[in-house]
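Good morning, and thank you for coming. I would like to take you through one structure today, and I ask that you keep the display in view as I speak.

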Amino acid sequence: MDKLQMPANFLWGSASAAYQIEGAYQEDGKGLSNWDEFVKLPGKTYQNSTGEVAVDHYHRFKEDVALMAEMGLKTYRFSISWARLFPQGRGEVNQAGLAFYENLIAECLAYGIEPMVTLYHWDIPQALEEAYGGWESPQVIQDYLDYAHFLFQHFKDKVNYWITINEQNIFTTFGWMTALHPPGKLQQEKLFYQVNHHVFLAHAQAVIAFKEIMPNGKIGASFAYSPSYALDCDPKNAMSKLDFDDLKNFWWMDVYAYGRYPKSAYQHLAKKGVAPVVSEADSELLVKAASKIDFMGVNYYQTTVCEYNPLDGVASTGEMNTTGKKGTNQISGVPGIYKNPTNPYLKTTDWDWTIDPMGLRYACKEITSRYNLPIIISENGLGAFDELTADHHIHDDYRIDYLAQHIKELMIAVEEGSDIWAYCTWSFTDLLSWLNGYQKRYGFVYVDRSESGGSLDRYKKDSFYWYKEVIASNGQSID
Ligand code: GCO
């Protein structure tokens, strides 16, 4: 049999987010974001870690991009800090902030690395929070559109790949349901769905504007997709899986791809009085944008198990394991619908996330058959404790193993008919984990950084050399 490999021109990549790497949080006229403010509240993050310095990518981007080039990376996915560009969220652009992204993009292009830009990776300008409550107000739609429009115009000859919104399902759930992210609200279900509706409309406006400016450019959203399995063939559990998918997965992906909410989930939420208000104009806009997206962006980390949950059963809480110790995560669920027990067939990471390479293939097959859209894997990776040896090596064979298994499944997905354009590992350098500080590492490049400081020097991990080979052989080195 021929060895598995990726199609020609496959975009082997790696990804990051502005808040998690840049630092320079008040430099060169940058405005503050919701995250800059949120992390000041004691106890919100591991040892009160912040992104004030992060891994100092703002000052070291040339070194970082040179490492990407050495590795042979084909694409680099990064996000733009809205508040660095528009300190007040709107109005005058901050030229110094813009210059940073111009330089970063120029640096990528000089090495032949395709930039992939995320417009929104969770950091909204604090000024907009204060002006009207950020995503809670429909006013945000116009401001987001203006911000996106500016970037499309400015970089239309340089950037071909754009992601409107990163993990809408996660930042809204953590922001308005579990209170773990800003604005730190707990169980505000009605507001949660209304906020999501605003995000969908902002995304849709941006997609439509984009296609007028760059008809041949590629645009989509990145969804944190956790495919689900029914616990067993008990029909009650199978039904809970279906309901889970409608509420937790298709609620987002159907809007991106079809422009409408899944019917039975909408019905269920309407009965509870928490469904978003959808006008006819909204529907038209969402359907129009859905017909124009080019790909489904998938951030894949883990899968979920679904079991019927009695009416007096478990409800999700706002607790989360930020300690790195196993076994302290809560079982989540919605009484009367589903709960999510652990999967006895799968091992877990140091942070209790299931490791399920085949789940990635499952995700691709499901998206291909449900939406028939090309796919960009915009994130996949292993968060772990890495150890720097005395002679500056990092032997992260566990990461190599994790990535190899996932890439292999992805190559099978291609063989089985999925149209996959890119695979971006999370992440290129180590970076700040939103809640878990600097101890949870994902990168190919180790950064000497802890909560208390560090030299910020970069060291290549074993996985760096391994991925270089994978890219050079277009995946064949894995099989
Ligand atoms: C973390 C998370 C993140 C996310 C990413 C989502 O530990 O903070 O894993 O790094 O994966 O930001 O897009």
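Let us start with helix α9, residues 189-213, which lies across three strands: β3 (114-120), β4 (161-166) and β5. Its direction makes about 165 degrees with that of β4. Please bear in mind throughout that this is a predicted model.

The strands under α9 belong to a barrel. Eight strands close it, in the order β1-β2-β3-β4-β5-β7-β11-β12, and the pairing is parallel. From one strand to the next, the twist averages 25 degrees. I draw your attention to one step in that order, from β5 to β7. Strand β5 covers residues 218-224 and strand β7 residues 296-299; the two run parallel and are joined by three bridges. Within this pair, F223 stands opposite V298 of β7.

Further along the barrel order, a second helix lies over strands. Helix α14, residues 397-415, lies across β11 (375-379) and β12 (420-426). Relative to β12, α14 runs at about 170 degrees.

I turn now to the ligand. Which residues surround the ligand? They are A17, N166, E167, N299, E379, G383, W426, S433, W434, N436 and K440. Sorted by class, this shell holds three nonpolar, five polar and three charged residues. Several positions in the shell can be placed on elements already mentioned: N166 falls within the range 161-166 given for β4, and N299 within the range 296-299 given for β7. Likewise, E379 falls within β11 (375-379) and W426 within β12 (420-426).

Next comes helix α8, residues 168-176. How many of its nine residues are buried? Seven are, and the helix is mostly covered. The buried residues are Q168, N169, F171, T172, F174, G175 and W176. Among the elements that cover them are β4, α9, β5 and α10, the last spanning residues 235-258.

Helix α10 leads us to a second sheet. This one is open and has four strands in the order β6-β8-β10-β9, with mixed pairing. Strands β6 and β9 (332-334) stand at the edges; each has a single partner strand, so one side of each is left without a neighbour in the sheet. On average, neighbouring strands here are turned by 25 degrees against each other, direction ignored. Helix α10 packs on this sheet and touches β6, β8 and β10, its direction making about 125 degrees with that of β8.

Let us look at β8 itself, residues 304-308. Five of its five residues are buried. Both faces are covered, with T304, C306 and Y308 on one side and V305 and E307 on the other. As for its partners, β8 runs parallel to strand β6 (residues 228-230), and three bridges join the two. Across that pairing, Y229 has V305 as its bridge partner, and A230 has C306. With strand β10, residues 338-340, β8 pairs in the antiparallel sense over two bridges. There, the bridge partner of E307 is K339.

I move on to a pair of helices. Where two packed helices are concerned, the description rests on the angle between their axes and the distance between the axes. For helix α3 (residues 57-71) and helix α5 (residues 95-110), the axes come within 10 Å and cross at roughly 5 degrees. That crossing angle makes α3 roughly parallel to α5. On the α3 side, the contact is made by Y58, F61, K62 and V65; on the α5 side, by F100, L104, E107 and C108. Of these contact residues, six are nonpolar, none is polar and two are charged.

Finally, two individual residues. Is K272, in helix α11 (residues 263-272), buried or exposed? It counts as exposed, because K272 has 11 C-beta neighbours inside 10 Å, and the cut-off for that class is 12 or fewer. Between the C-alpha atoms of K272 and L247, which are 25 residues apart along the chain, the separation is 13 Å.

The other residue is G29, in the loop between α1 (18-21) and α2 (34-38). G29 is partly exposed, since 14 other C-beta atoms lie within 10 Å. Leaving aside neighbours within four places in sequence, G29 is in contact with P87, N94, A96 and G97. Measured against F150, 121 residues away in sequence, G29 lies 18 Å away in space, C-alpha to C-alpha.

Thank you for your attention.

Definitions and conventions:
Residues numbered from 1 in each chain as written. Predicted model: local features only at pLDDT ≥ 70, side-chain atom pairs only at ≥ 80, totals over all residues. Pairing = 2+ DSSP bridges. Axes fitted to C-alpha atoms, helices over the stretch in contact; angles between N-to-C directions. Contact = placed C-beta atoms within 7 Å. Parallel < 35°, antiparallel > 145°, perpendicular 65-115°, else oblique. Nonpolar A, V, L, I, M, F, W, Y, C, P; charged D, E, K, R; others polar. Near = placed C-beta within 6 Å. Buried ≥ 20, exposed ≤ 12 C-beta atoms within 10 Å, placed from the backbone.
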